[in-house]
Amino acid sequence: MKNIDCFIYEAIKKGFNIDSVCVQTPNSLQFAGNNNIINVHSAAKTITSLAFALFLKEYRQISISDKIISFFPEYNSCLSKNTEYITIRDLLHMQSGKYIQSLFQKNIKQDWNQDWAKWFFEYPVESLPGTYYYYSSHCCYMIGRIIAKISQVDVNDFLEDRLWRPLAINKPFWSKCPAGYTNCAGNLMIKCTDLAKIGWTILNKGEYNSIDLNMERNYVENMYTDIVCSSDPFGWNDEECNCGYGYFLWRCKGNKRFRIWGAGGNFSVIDFPTNKCITITAIRDEVNWKSHNDQDLLRLIVKMFLT
C-alpha cells in the first residue's frame, strides 16, 4: 500500500482530486480510496467499444468496414457530401472527416433537442473519411446508435446481461440524448472497481478472470493493434496524446501500454509487458480541470507502478 499512498499524495500535489486507486495483477489486487460512484467522462467511450465487441459476436453479418449510412436509410436524403463513405472503423478511429462539436454540452450554439444522428449525417465532411484523426464524441454516439438500431436494445440495456451483470457491476446511470439513446461517449457514473474490471477485461482479451464474456476476440485485440495517428484533444500539446489511437482506446508511450482515459484524471492503464492494470478515478473540477494536464497524472502512474 505504500506506493498507492505515495501516489495519492503526489497526485493531490499536482492538483488532482483522487477518489480511488486500484492496482491489479494476476496474483494480487490492491485498493485504496472511497470507491464512490463518479462521472468517468470519456472512459465511457472504451466501454462502448467493448459493447461493440459483444455486438459483433452476436451479429456476425456486421463488419467494421460497413458504411454507416447502410444502417440508417432514413437519413439518405440529408447526407452531406462524402458522408456516404464513412465506415464503422472510421468512427472507432475518430476519422469520420467531420470536425464536429459535441451536442452533449447544452451551452454550444446548437439546438440540443434536435435529432443527434440526423445532425451528424448533415454536418459537412472536411477531410476524406479514414484519413484524418479528429476527436469527436459524436463518433462514439453513432456507434451506440448502430448497436441500438440492429439489436433493438439501447446500449446501456444491451450491456445489462452481457457486461454489467457478469462483472457484478450494478447497472449504472448513463445519460441519454433527447431521443432516449445512451450518450455512449461520456456522462457514465461508475466506481473505480468497476472501471478496473473493464481494463482487466481488455488486458485479458475479452475475459474477466474465469468469466468468458463472449466478445468477438479479434475485435478486442484490434482495439489496441489497429492504431491510427492521434493528437491532443484538449490543447496541452502533450506527446502522450500523439502516440496513437485504437478503437476508442489510447496508446501510451512505452512498449504495449494503453489507456482508458476520462478527462479530469480518470484512467485505466493496461500494461501488457507487466500484466498489470492500474485504475484511477478522480472527481473533475468542472471549472479549472484543463489547468491540470491529465498526462502528468499518467506519467506519475507509470513512475509509481510500472517502472
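Cys-241 is buried in this predicted model, at a relative accessible area of 0%. Cys-241 takes part in no disulfide. The nearest cysteine sulfur to that of Cys-241 belongs to Cys-243, and it is 8.3 Å away. A disulfide, as a reminder, is a covalent bond between the sulfur atoms of two cysteines. The structure as a whole holds zero disulfides. Cys-192 is likewise in no disulfide, with the sulfur of Cys-22 the nearest cysteine sulfur at 5.5 Å. Since the cut-off for a disulfide is 2.5 Å between sulfur atoms, the 5.5 Å found for Cys-192 does not qualify. Cys-192 is buried, and its relative accessible area is 0%.

Let me turn to the sheet. How many strands does the open sheet have, and in what order do they come? There are six, and the order reads E2-E1-E11-E10-E9-E8, with antiparallel pairing. Strand E2, residues 28-33, and strand E8, residues 250-251, stand at the edges. Each of these two has a single partner strand, so one side of E2 and one side of E8 are left without a neighbour in the sheet. Helix H10, residues 294-305, packs on the sheet and touches strand E1 (18-25), strand E9 (257-262), E10 and E11. The direction of H10 makes about 40° with that of E10.

I should like to dwell on strand E10, which spans residues 266-271. E10 is mostly covered, with six of its six residues buried. Asn-266, Ser-268 and Ile-270 point one way from the strand, while Phe-267, Val-269 and Asp-271 point the other way.

What joins E10 to the strands beside it? On one side, six bridges link E9 to E10, and the two run antiparallel. Within that pairing, Ile-260 stands opposite Ser-268. The hairpin of E9 and E10 has three residues between the strands, and Gly-264 takes a positive phi there, near 100°. On the other side, E10 pairs with E11, residues 276-282, in the antiparallel sense over five bridges. Here Val-269 stands opposite Ile-278, and the bridge partner of Ser-268 in E11 is Thr-279. Ser-268 therefore faces Ile-260 in the one pairing and Thr-279 in the other. The hairpin of E10 and E11 has four residues between the strands, and Asn-275 has a positive phi near 55° in it.

That leads to backbone geometry in the loops. Most residues other than glycine have a negative phi. Where, then, does Asn-187 lie, given its phi near 55°? Asn-187 is in the loop between strand E4 (173-174) and strand E5 (188-190). Asn-187 is partly exposed, with a relative accessible area of 30%. Phe-248 also has a positive phi, near 55°. Phe-248 is found in the loop between helix H9 (217-222) and E8. Is Phe-248 buried or exposed? At 1% relative accessibility, Phe-248 counts as buried.

A further loop residue deserves mention. Ser-136 sits in the loop between helix H4 (116-122) and helix H5 (137-151). Ser-136 counts as buried, at 1% relative accessibility. Apart from its neighbours within four places in sequence, Ser-136 is in contact with Met-94 and Ile-100.

I close with the helices. Two packed helices are described by the angle between their axes and the distance between the axes. Helix H2, residues 43-58, and helix H8, residues 192-203, pack at about 50°, and their axes are 11 Å apart. That angle makes H2 oblique to H8. H2 passes H8 in a left-handed crossing. On the H2 side of this contact are Ala-43, Thr-46, Ile-47 and Leu-50, which meet Leu-195, Ile-198 and Ile-202 in H8.

How do the axes of H2 and H5 cross? They come within 10 Å and cross at roughly 30°. H2 and H5 are therefore roughly parallel to each other. Their crossing is left-handed. From H2, Lys-45, Thr-48, Ala-51, Phe-52 and Phe-55 take part in the contact. Their counterparts in H5 include Ser-137, Cys-140, Ile-143 and Ile-146.

Notes
Residues are numbered from 1 along each chain as its sequence is written. This is a predicted model: local features need pLDDT of at least 70, side-chain atom pairs count only at pLDDT 80 or more; totals for chains, interfaces and linings use all residues. Side-chain values use heavy atoms; hydrogens and water are left out. Two strands pair if DSSP finds at least two bridges between them. Contact means heavy atoms within 4.5 Å. Axes are lines fitted to C-alpha atoms, for helices over the stretch in contact, and angles run from 0 to 180 degrees between N-to-C directions. Buried means under 20% relative accessible area, exposed over 50%, partly exposed in between (1.4 Å probe, protein chains only). Angles under 35 degrees count as roughly parallel, over 145 as roughly antiparallel, 65 to 115 as roughly perpendicular and the rest as oblique. A crossing is left-handed if the near helix is turned anticlockwise from the far one by less than a right angle, and right-handed if clockwise.
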